[in-house]
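Please look at the sequence and the structure shown here. A short report on a few of the features follows.

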Amino acid sequence: MKHLHITLVVLSISLFTYRFILTLMASKKLDSKWLKISPHVIDTFLIIVGISLAVKLHINPMEQLWLGEKIIALFAYIFTGYYTLKLARNRPMQILGYLGAMGWVMLMVRLAMTREVMFLG
Ligand code: HEM
């Protein structure tokens, strides 16, 4: 299950990075159907598998705050991703949005590996 989780994490970040590059290039490929649908499917699976992993390992996000913080960071990642691809109106805003989203990813990886909270502790 953990391998599936990491695979989905890598897929989610790769697809987001690919769409970010296409956005910078103002490419028509962004309109392709698979690129519009697959990120939602992968991100939904990522959340489902993440929650299943937490249930299986008996990790309650209200008690183990690193997981609570990870879930908050996930929402921030999704929002900064949406900002980067849809709301940002020029290149500097898109690049800032992408760096912001990657910062949240780094926090999530750190939280998963160390189980040490950064903000909620
Ligand atoms: C982009 C989002 C995410 C990233 C980058 C990420 C990253 C990771 C990584 C790298 C690990 C492996 C840690 C290790 O080596 O033991 C992991 C494990 C885990 N993740 Fe995620 N994850 C994400 C989303 C989620 C979500 C949404 C949830 C739950 C709602 C979740 C729950 C867990 C749990 C319970 C583990 C197992 C921890 C353990 O075995 O100690 N993750 N995650």
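The crossing of helices H1 and H2 is left-handed. This is a predicted model, and the handedness is one part of how the two helices meet. H1 covers residues 2-24. Its axis lies 9 Å from that of H2, and the packing angle is about 150°. Angles over 145 degrees count as roughly antiparallel, so H1 is roughly antiparallel to H2.

**The loop between H1 and H2**

What is notable about the phi angle of Ala-26? The value is positive, near 50°, and the residue is not a glycine. Ala-26 sits in the loop that links H1 and H2. Is Ala-26 buried or exposed? Ala-26 is exposed, because its relative accessible area is 65% and the cut-off for exposed is over 50%.

**A nonpolar patch on the surface**

Which residues form the nonpolar patch? They are Ile-47, Ile-51, Val-55, Ile-71, Phe-75 and Ile-78. Together they offer about 540 Å² of accessible area. Two helices contribute to the patch: H2 (33-56) and H3 (65-87) each supply at least two of its residues. Take Val-55 as one example. Val-55 belongs to H2. With 56% relative accessibility, Val-55 counts as exposed. So H2 has two roles in this report: H2 packs against H1, and H2 supplies residues to the patch.

**After helix H4**

H4 spans residues 91-114. Arg-115 is found in the segment that follows H4. Its phi is near 55°, again a positive value in a residue other than glycine. Arg-115 is partly exposed, because its relative accessible area is 45%, and partly exposed runs between the 20% and 50% cut-offs.

Phe-119 also lies in the segment after H4. Phe-119 is exposed, at 60% relative accessible area. Where does Phe-119 stand relative to Gly-68? The two residues are 51 residues apart along the chain, and their C-alpha atoms are separated by 10 Å.

**Exposure side by side**

The table collects the relative accessible areas given above.

| Residue | Relative accessible area | Class |
|---|---|---|
| Ala-26 | 65% | exposed |
| Val-55 | 56% | exposed |
| Arg-115 | 45% | partly exposed |
| Phe-119 | 60% | exposed |

Now go back to the structure. Find Ala-26 in the loop between H1 and H2. Then find Arg-115 in the segment after H4. Both have a positive phi: near 50° for Ala-26 and near 55° for Arg-115.

Note on methods
Residues are numbered from 1 along each chain as its sequence is written. This is a predicted model: local features need pLDDT of at least 70, side-chain atom pairs count only at pLDDT 80 or more; totals for chains, interfaces and linings use all residues. Side-chain values use heavy atoms; hydrogens and water are left out. Patches are made of residues with over 30% relative accessible area and no salt bridge: like charges are joined within 9 Å, nonpolar side chains (Val, Leu, Ile, Met, Phe, Trp, Tyr) within 5 Å. Accessible areas come from the Shrake-Rupley method with a 1.4 Å probe; for residues, only the protein chains shown count as cover. A salt bridge is a side-chain nitrogen of Lys or Arg within 4 Å of a carboxyl oxygen of Asp or Glu. Helices (H or I, at least four residues) and strands (E, at least two) are DSSP runs, numbered from the N terminus. Buried means under 20% relative accessible area, exposed over 50%, partly exposed in between (1.4 Å probe, protein chains only). Axes are lines fitted to C-alpha atoms, for helices over the stretch in contact, and angles run from 0 to 180 degrees between N-to-C directions. Angles under 35 degrees count as roughly parallel, over 145 as roughly antiparallel, 65 to 115 as roughly perpendicular and the rest as oblique. A crossing is left-handed if the near helix is turned anticlockwise from the far one by less than a right angle, and right-handed if clockwise.
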